Amino acid sequence: MNRLSKYILILLTFFITLELFFRHNYQEILILSDKQLIKSAILKKLGLQNVAVFGSSRSNDAFDSRYFSKQVVESNPLIFKRQTSDVKNPNSNILAKNKDRISFQSFNAASIRMSPQKYLQSLNEAFKNQAANLFIIEISEGIFSQSDSKATILTSKQAKSADEISINHDQGLKIEGETGIEGFLQDFFYDNFILVQQRHALKLKTALRLLMLKSAGYIPSERWFRSGIIKSFFAKDIVFMEEDYKKYSPQIYQKSSEHTVYVQPDHEVFKNELMHLFKNINNKYILINLPVKIKVREQECTSKNREFYKYMVYQLDTTVLDFSCLDLPNDFFKDEKHLNYRGRVFFSKLLAHHLTSMDLIKNAF
Amino acid sequence: MLFNSLTFVFFHLFFVGLYWTSSSITIRKLLLAVSSLAFYGWFYWPGLILLGLTMAVNYVLARIIENSGSKKNLTLAVSLNLMSLGFFKYSGFFIDNLIVFFKLFDLNLAKPEWSYWLPLGISFYTFQGISYLVDVYRKQISAEKNVLNFVVFNSFYAQLVAGPIVRANELLPQIKEKKVFKSELFQLGIYYILAGLLIKIVIADTLSQFVDYGFGDPSKLNFANSWMTIYAFSVQILCDFWGYSTIALGVGYMYGYTLPLNFDNPYIADSVTDFWRRWHLTLSTWLRDYLYFPLGGGRHNKYRNLMLTMVLAGLWHGASWNFIIYGFGHGSWIVIERLFMDYKKSLHLPRLLKQFLVFQGLSLLRVFFRSPDLSTSIVYFKSLLGFYKFDQNIPEALVLQLLFFILFMIFFEKSTKDRSFLTWSLKKQVLVSAAFISLILSFASNKLDFIYFVF
């Protein structure tokens, strides 16, 4: 066989193998263009977590499971042990007494560019699958402002086709409008080859997501969803003092017998959809709003929202922690609404500190 | 049929397969002629009539010119070619300007009702025809007697609609010789086609999204983004045309033909003169041999000749004042460079700085090239001066795409220098080709025409 034949034959074999790989991993490839669906898939793959956070890009940037878990373990050393290198360290003093303690695992399932439908769908599925002992759910205005007039919880069949439509539409996989021979050829290849249909998965960015999905559980996959991935692997922990946590206490709304009046909130439809979902579940969850810079604070830290939180805790057996009125230093933010690395470390520890001090985590077990 | 379509892939594979399975040289030429005419007629079949007429006129007149040696016959033949080009490409522009001119004297002329039809690749095949006629007159080649050879020379689908503009002495001898299948050349052809598709689909078409946005309404761009957009356009137009030319070379190789190179890293040029020695080589050498030299070249009225050649080069790209200004800009710059050279003055700048400045200047002139009209160009220049202030970030994807272009250019240059692709191990060849196909496949969501098709 001459070199040309070998060259063509190997190329053909390569692409046939790739097509078979795509067919075998069809479900995973289908969700690759949607970060929210990938996170949900990773969460499912990881199994039961102690805490899972759901929310928008703000939660994605605000919550780091490493620091959150570390703070929880440090606050409850007799209950929890961490599944990190210090556990494996034979010289560690903690190890000797670690036997009976529970490994603590948390996961940030929040995502950027989420649609309200997918948000509800992901939450619904996570609740159904009992994905975590405690769910922390963001209810900032950022979540609701992305909802239009209506958001509905899709049945899984509807959801699947909606994802497909959304993914195909986003990627423009099919070149519309072609007729004649060109149209026939495009249809033929599109309809018969998954490799052509889901070719966006061949892009480096998407291929990395597939790798991440496959390796979930071995590498800390949630970090891949933030900017500055490489930097984050070398970033050092930042130590904060007890006084810092005390200084920044959230507004806490807890179940009380006090009657509240329904105040028509902004984005009412979506908020009611969310409340409807919470009413029909047995999972433990708390609701949070996140810190923002002063400009946005005027929209988040409002009396209308406060009234609505009171209404929520009255209607639902839950707790709301509102961090939106906190005056955090400007150097904790990367923009008006999102925390930077320093802010993320602080907030993750701050949240862990308050949840622990309120026994919310312990009570979730 | 576009080079970046599935139809073309199958069309090309079908004909190239038939070509190599037939042993008769006449059948092979017949296949080339039929496939080329089918390729051209696929776009818009009436175009074949004009192409056929042009070929017939040039075939007959070249033989008459050869026999008579008469300059009058040459003038007649060249005029007929230019008239056809002028009518189809420039009559609309001419009439529009005539209407504006008469309006100055309060004379309102009505615009003719007919719709303008611009036959694809008319500038390319007209120039190819003119060079053939002139070469016959100059006795550099003899007029082709075999009709089949002549049809293949004029219509070979690898270069018919967007060049390269191939001279008769480069292509006719290749048409006449009996080709032996060379697997290395065939494999090189595949590599060139893949690389050309990558350049077009992955780089040019992706950048076009940013460019279309920017030039759609330049007042939406802040200072940084307006500059990034002209850089993006400079890269887009190169990749669009370079991609096409690379595919053309690949198609040629698969048939056993070697077509001339059209680009030689134009953006590393350290002067505009140098740029035109690297950019669209077959057009710039055509302009030199069939326009600049006959005008007198460097012997007399050098600066006028340079300016005229460049203005006509601008006009060749399209019928609008923007293209005339584009050509005038290039002409002025070349004249200034020549003046410096003639008076032995030189700006002693590092080469890298010169290259940077040349690229900046070329990118600025391209504002005229890309803007649909003069008023858009003016708005664009305002945005380049920072007139419009917005809090905009430079899109990451744009920066990555420009970086990818630089890396790819270096890689491709290395892989094609002395056909070094053929010296690679089979593993490396397959890996690179598979990576190219994957990239092409993953980016193939928009099908945009090649910019140079309309020239």
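How many C-beta neighbours does Asn265(B) have inside 10 Å, and does that count as buried, partly exposed or exposed? Figure 1 takes that up, and the other views follow; keep in mind throughout that this is a predicted model.

**Figure 1. Asn265(B) sits in a loop of chain B and has a positive phi.** The loop here is the one between H9 and helix H10 (272-276) of chain B. Asn265(B) has 14 C-beta neighbours inside 10 Å, so it counts as partly exposed. Its phi is about 45 degrees, and that's a positive value even though Asn265(B) is not a glycine. For background, most residues other than glycine have a negative phi.

**Figure 2. Asp418(B) is another residue with a positive phi, in the loop between H16 and H17 of chain B.** Phi of Asp418(B) is near 55 degrees, again in a residue other than glycine. How many other C-beta atoms lie within 10 Å of Asp418(B)? There are 7, and Asp418(B) is therefore exposed, the cut-off for that label being 12 or fewer.

**Figure 3. Helices H9 and H16 of chain B cross at roughly 40 degrees.** General point first: two packed helices are described by the angle between their axes and the distance between the axes. For H9 (residues 223-254) and H16 (residues 396-416) of chain B, the axes come within 11 Å. With a crossing of roughly 40 degrees, H9(B) and H16(B) are therefore oblique to each other. H9(B) makes a left-handed crossing as it passes H16(B). On the H9(B) side, look for Met228(B), Tyr231(B), Ala232(B), Val235(B) and Cys239(B). They meet Leu398(B), Leu402(B) and Phe405(B) of H16(B). Sort the residues of this contact by type and you get eight nonpolar, no polar and no charged.

**Figure 4. Chain B touches chain A through 18 of its residues.** On the other side of this contact are 21 residues of chain A. Three helices of chain B, namely H1 (6-21), H8 (183-216) and H17 (426-443), each supply at least two residues of the side that touches chain A. Which of the helices gives the largest share of that side of chain B? That's H17(B), with eight residues. By type, the side of chain B that touches chain A divides into seven nonpolar residues, 10 polar and one charged.

**Figure 5. Six strands of chain A form an open sheet.** Chain A has 19 helices and eight strands, and the sheet shown here runs in the order E4-E1-E5-E7-E8-E6, with mixed pairing. E4 and strand E6 (251-254) of chain A stand at the edges, and each has a single partner strand, so one side of each is left without a neighbour in the sheet. From one strand to the next, the twist averages 20 degrees. Helix H18 (residues 303-315) of chain A packs on the sheet, where it touches E6, strand E7 (284-289) and strand E8 (319-322) of chain A. The direction of H18 makes about 160 degrees with that of E8(A).

**Figure 6. Strand E1 of chain A pairs with E5 and with E4.** E1 (residues 49-54) is mostly covered, with six of its six residues buried. Five bridges join E1(A) to E5 (residues 132-138) of chain A, and the two run parallel. One place to spot this pairing is Gln49(A), whose bridge partner in E5(A) is Ala132(A). E1(A) also runs parallel to E4 (residues 106-108) of chain A, with three bridges joining them. In E4(A), Ala52(A) has Phe107(A) as its bridge partner, and Val53(A) has Asn108(A).

**Figure 7. Asp34(A) lies in a loop of chain A but is buried.** The loop falls between helix H2 (26-30) and helix H3 (35-46) of chain A. Asp34(A) has 22 other C-beta atoms within 10 Å, so it is buried. Which residue is 78 residues away from Asp34(A) in sequence and 9.4 Å away in space, C-alpha to C-alpha? It's Ile112(A). Zooming out to the whole chain, buried residues make up 35% of the 365 residues in chain A. Among contacts in chain A between residues at least 6 apart in sequence, 81% join residues at least 24 apart.

Technical notes:
Residues are numbered from 1 along each chain as its sequence is written. Chains are lettered from A and ligands numbered from 1 in the order in which they are written. This is a predicted model: local features need pLDDT of at least 70, side-chain atom pairs count only at pLDDT 80 or more; totals for chains, interfaces and linings use all residues. A residue is buried if 20 or more other C-beta atoms lie within 10 Å of its own, exposed if 12 or fewer, and partly exposed in between; C-beta atoms are placed from the backbone. Helices (H or I, at least four residues) and strands (E, at least two) are DSSP runs, numbered from the N terminus. Two strands pair if DSSP finds at least two bridges between them. Two residues are in contact if their C-beta atoms, placed from the backbone, lie within 7 Å. Ala, Val, Leu, Ile, Met, Phe, Trp, Tyr, Cys and Pro count as nonpolar, Asp, Glu, Lys and Arg as charged, and the others, Gly among them, as polar. Axes are lines fitted to C-alpha atoms, for helices over the stretch in contact, and angles run from 0 to 180 degrees between N-to-C directions. Angles under 35 degrees count as roughly parallel, over 145 as roughly antiparallel, 65 to 115 as roughly perpendicular and the rest as oblique. A crossing is left-handed if the near helix is turned anticlockwise from the far one by less than a right angle, and right-handed if clockwise.
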